[in-house]
Structure formats: C-alpha cells, structure tokens
Amino acid sequence: MLKLLILLNVFFVSFTDKPEKSAPALSPRAVEQRAKWDIPTDAMDYPVAHLYVDSLRRMGVKVFHTSRWFNGATVEMPDTLATKVQNLDFVEAVEMTRDNSESLYASKRRVITREETSDDPGIITEQQLGLYNLLPLHEAGFEGQGILMAVCDGGFYNANILTCFRHEQELGHFDFTDDADDFYGYTGAHGTECLSAISGIRDGFYGAATKANYYLMRTEEYSTESPKEMDNLVAAFEKADSLGVNVFSVSLGYAYFDNDKWSLNKNTDLDGKTTRVSRAATIAARKGMLVCVAAGNEGNNAWRTISAPADADSVLSIGAVTTDSVIANFSSYGPSSDGRVKPEVCAVGVQATLINPSGVIVNANGTSFATPLLAGLAASLWSALPDENAMQIRSRIIRSADRYLNPDMDQYGYGIPDAWKAYTMGPEGIEDVQTETTSCQKIVRNGQIIILRNGIEYTISGQRVR
C-alpha cells in the first residue's frame with residue numbers, strides 16, 4: 001500500500017494575549033536577584049496561556065517550546081494545518097521558520113582550524129589569560145564563585161565525563177533542538193572546547209572562571225541552518241532568565257540561511273531590533289544578565305560583518321585577537337547597521353588554547369573561543385563585585401579596555417579589557433573600591449597610583465609592588 005509522505009514545516013505562532021494569570025516563570029534565585037537589583041516583574045515574566053498551547057496540541061500540532069517574551073510557540077505542522085491555525089481567534093500570526101520541503105544542508109559559519117599544542121600549557125594559559133590581565137584577579141581569590149553561567153552551543157561531546165571539569169559545578173543541561181542525538185553524544189567539539197575556556201583545569205591549563213557554576217544549553221541544529229535555531233536560542237535566553245543566570249556565553253550567530261528568503265540584510269537588519277534573537281538578547285540584558293556573544297568569523301568573506309545576536313543592544317559582542325593583541329583577519333567587522341560600536345571588546349581567538357572532547361589540549365581559531373574567555377573574565381570580575389549589576393560589570397569591562405577613549409568602529413571596538421583595572425576602577429575611573437569580600441585603597445606615590453589590597457601593594461596593571 002502506497003503511503004503519502006507529509007512534510008512538516010516549522011513555524012512560530014504568535015498569540016494575541018495572555019488571558020491566564022499565573023505566577024511568574026522565575027526560580028527563587030531569579031526572584032531574589034530581581035529584588036536585589038530592583039528589576040520589576042512585567043508581562044514578559046508570565047508564561048503563555050496553557051489554554052492556547054493545549055488547543056494547538058489537540059489539533060495535532062507538535063509544540064517544541066514556547067516564548068513568554070514574545071508570547072508564542074515554536075511548532076511543527078503541515079502547511080494545510082498552518083492555515084487553520086492562522087484562522088484561530090487567539091492567534092495573531094503564523095511565521096514559517098524552517099522549510100522541510102527542500103533538501104537542506106547545514107552551512108555553519110565557524111573557523112574550526114585546530115591543532116594539538118606542543119607548548120607548555122601553563123605558559124599558554126598565562127599568555128591567554130594574561131592578555132586581559134585576569135591572573136591578578138585570580139590570585140586575589142576571584143574565579144567566578146557565586147556566579148551562575150549558561151554556556152550555549154550546538155552540543156557538548158564528552159563534557160559529562162572529561163576529568164578537566166568539576167562536574168558538580170554543572171547544575172543541569174537543556175536541549176532546545178529537535179535533533180535525536182544524545183546531549184553529550186557526538187555533536188562536534190565546539191561546545192566542549194568553549195566550556196573548557198571557562199571551566200577547564202588540566203596539567204597547567206586553567207579556565208577563566210573555574211569556580212563558577214553553570215548550565216549547558218543546546219540550541220544549534222546540524223541538519224539545517226534556519227531561523228528556527230534563532231528561536232531555539234530565544235528559548236535558551238528565557239530559560240536562563242528563569243534560572244537566575246548571571247552570565248550567558250553564546251558562540252553562535254546567524255546572518256544567512258539555507259533558504260535565501262530568510263537571509264538578513266546587513267545594512268538594515270543588524271540594528272538589534274529586527275530579529276527575535278537579537279531582541280531577546282537585549283531583553284536578557286534588561287532582565288539582569290550579562291550576555292556575551294561571538295561577533296562572528298566573516299571578516300574574510302563577502303558578508304564581512306557581525307551577525308545576530310551580536311548586534312543586540314546592551315550585550316558584549318566579542319572579536320578575536322592574537323596573544324600579541326593583533327586582530328584576527330577572520331574576525332567580523334562592525335559597526336551595527338544603526339551605527340553602534342561592534343564588537344565591543346576582544347579576547348584571544350587566534351590559536352586559542354582549549355581542551356577538546358578527548359581531553360587533549362589544542363589550539364583553535366574563532367570568535368567562538370574568544371567569547372567564553374571574555375565571559376569567564378566577566379564572571380570572575382562579578383565575583384569580586386557581587387553587589388553590582390550586569391550593566392555595571394559591562395561598563396567596567398568596556399571602560400577598562402585599551403581603546404576605550406578612541407574606539408575602533410570596525411573590528412577592535414573598545415579593544416582588549418584589563419580585568420584588574422576593571423576591578424579597581426569606580427564609576428568614573430580609578431578610585432577606592434569597597435566590597436563585601438575585600439577592600440582596596442588608592443595610594444599616590446611619586447606620581448604613581450598604587451592599589452593597597454589586604455596589606456599588599458599593586459600597580460594599576462595588577463603587578464605586585466616588590
């Protein structure tokens with residue numbers, strides 16, 4: 001008997017309203033942090049109407065995930081059913097986000113050159129973290145403790161068994177894709193290597209925030225490159241917000257797709273307000289998260305510019321440099337299409353030192369790897385200044401960068417941050433700092449500014465005065 005194959009496409013269904021009044025979709029940690037930083041609860045914090053979602057399911061619609069920020073759901077259904085859904089009185093719009101009627105193949109925009117390192121990993125780590133002067137902050141005891149991170153990628157092969165990770169620091173994982181692969185199964189090395197830049201410890205190798213707790217989130221799919229992946233990332237932002245995540249690191253970006261009708265216009269669409277994923281990144285920042293996003297690896301390609309959500313407002317988009325502070329030729333260019341400085345800052349993304357899923361120390365290229373290094377800096381800095389909010393930490397990072405007074409609008413942005421300088425500066429510059437955990441005092445001696453911390457003197461660069 002001949003069977004008719006019905007291809008099911010993916011859509012984002014927008015609802016008209018939220019008629020149900022229920023509790024905000026926030027964990028106790030998230031509620032506590034909102035109160036700490038005086039962030040009010042609003043309509044975006046309430047879930048979508050269960051009545052609407054259940055109605056779709058009864059019609060035979062498969063629901064992948066919902067969005068409380070955009071009051072809708074990512075679903076799978078045949079086109080014939082999509083027409084019926086569009087006519088429902090509680091549906092505002094139906095937008096196709098993945099077309100399964102064509103043979104689509106992934107075209108992921110990443111620089112993936114890797115080689116096993118033959119150098120001393122301890123020296124390499126010092127060069128990598130030393131570029132933005134993070135080691136003095138670590139020596140002062142600030143390595144991300146008390147900070148909750150989310151690392152979002154396409155998969156985390158072997159991350160659950162590698163001995164370079166302290167597994168008790170992983171508080172959970174979430175898969176927002178519809179791929180059948182196991183979360184820790186073979187989905188490439190990318191996510192695991194990004195995680196190692198933050199949390200890896202092995203034979204002299206040291207991540208940027210090894211004492212931070214974290215969640216792992218998977219949003220990237222390997223069968224297609226479609227706007228559905230952007231909505232997967234929206235779902236991850238919302239989940240991180242509900243969990244009370246402080247720092248969100250995502251080494252993914254979107255500009256053009258397998259189906260050209262969805263591709264972005266770099267002259268108009270990279271304004272932080274056009275794509276849902278860029279708007280979500282900005283919302284996440286407004287809700288109290290510090291969002292770190294890879295600028296992209298398009299510097300050598302025709303596209304050349306940043307991608308979404310690196311164009312979002314109030315985030316940190318990250319470019320790639322060498323350990324000698326030279327910009328990578330592949331690092332995507334700014335500014336955003338509305339003229340904002342992009343990327344904001346840079347970190348090591350040329351021959352970055354990482355740990356791969358086999359536990360081997362490797363070098364790899366990409367803004368993908370600069371991003372978790374910068375996110376780790378942010379976590380370590382925030383652990384030193386726990387009473388400050390995300391925007392204050394972001395401001396410190398930008399103001400500490402070496403091009404802050406004369407930003408480069410193309411690739412460097414504000415330049416390379418200085419973690420110790422970011423720690424010791426105040427709202428307007430270098431001044432006394434008081435925190436719950438330590439105190440610093442400014443001393444001027446022979447025209448040089450000295451920071452006195454716990455009885456030990458340091459220069460502004462973080463070097464101990466002998």
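1. In this predicted model, helix H7, which spans residues 227-243, lies across strands E1, E2, E3 and E4, and the helix runs at about 55° to E2. A reader new to the structure may find this helix a useful place to begin, before turning to the strands themselves.

2. The four strands form an open sheet in the order E2-E3-E1-E4, and their pairing is antiparallel. Strand E2 (62-67) and strand E4 (91-98) are the edge strands, each of them pairing on one side only. On average, and with direction ignored, neighbouring strands of this sheet are turned by 25° against each other.

3. Within the sheet, strand E1, made of residues 9-15, pairs with strand E3, made of residues 72-77, in the antiparallel sense and over six bridges. To follow this pairing at the level of residues, one may start from Phe11, whose bridge partner in E3 is Val75.

4. As for enclosed space, the model has three cavities of 30 Å³ or more, and the second largest cavity holds about 100 Å³ of space. This second largest cavity is lined by 13 residues, of which Gln33, Asp241, Gly244, Val245 and Lys287 are the closest to its centre.

5. Which helices each supply at least two residues of the lining of the second largest cavity? They are helix H1 (28-36) and H7, the latter being the helix that lies across the strands described above. The largest share of that lining comes from H1, with three residues. By class, the lining of the second largest cavity comprises six nonpolar, four polar and three charged residues.

Methods. Residues are numbered from 1 along each chain as its sequence is written. This is a predicted model: local features need pLDDT of at least 70, side-chain atom pairs count only at pLDDT 80 or more; totals for chains, interfaces and linings use all residues. Side-chain values use heavy atoms; hydrogens and water are left out. Two strands pair if DSSP finds at least two bridges between them. Axes are lines fitted to C-alpha atoms, for helices over the stretch in contact, and angles run from 0 to 180 degrees between N-to-C directions. Contact means heavy atoms within 4.5 Å. On a 1 Å grid over the protein atoms alone, a cavity is a set of points where a 1.4 Å probe fits but cannot get out, and a pocket is an open set with protein on both sides within 12 Å along at least five of seven lines; lining residues have an atom within 4 Å of a point. Grid points are joined across faces, edges and corners, and a volume is the space filled by probe spheres set on the points. Ala, Val, Leu, Ile, Met, Phe, Trp, Tyr, Cys and Pro count as nonpolar, Asp, Glu, Lys and Arg as charged, and the others, Gly among them, as polar.
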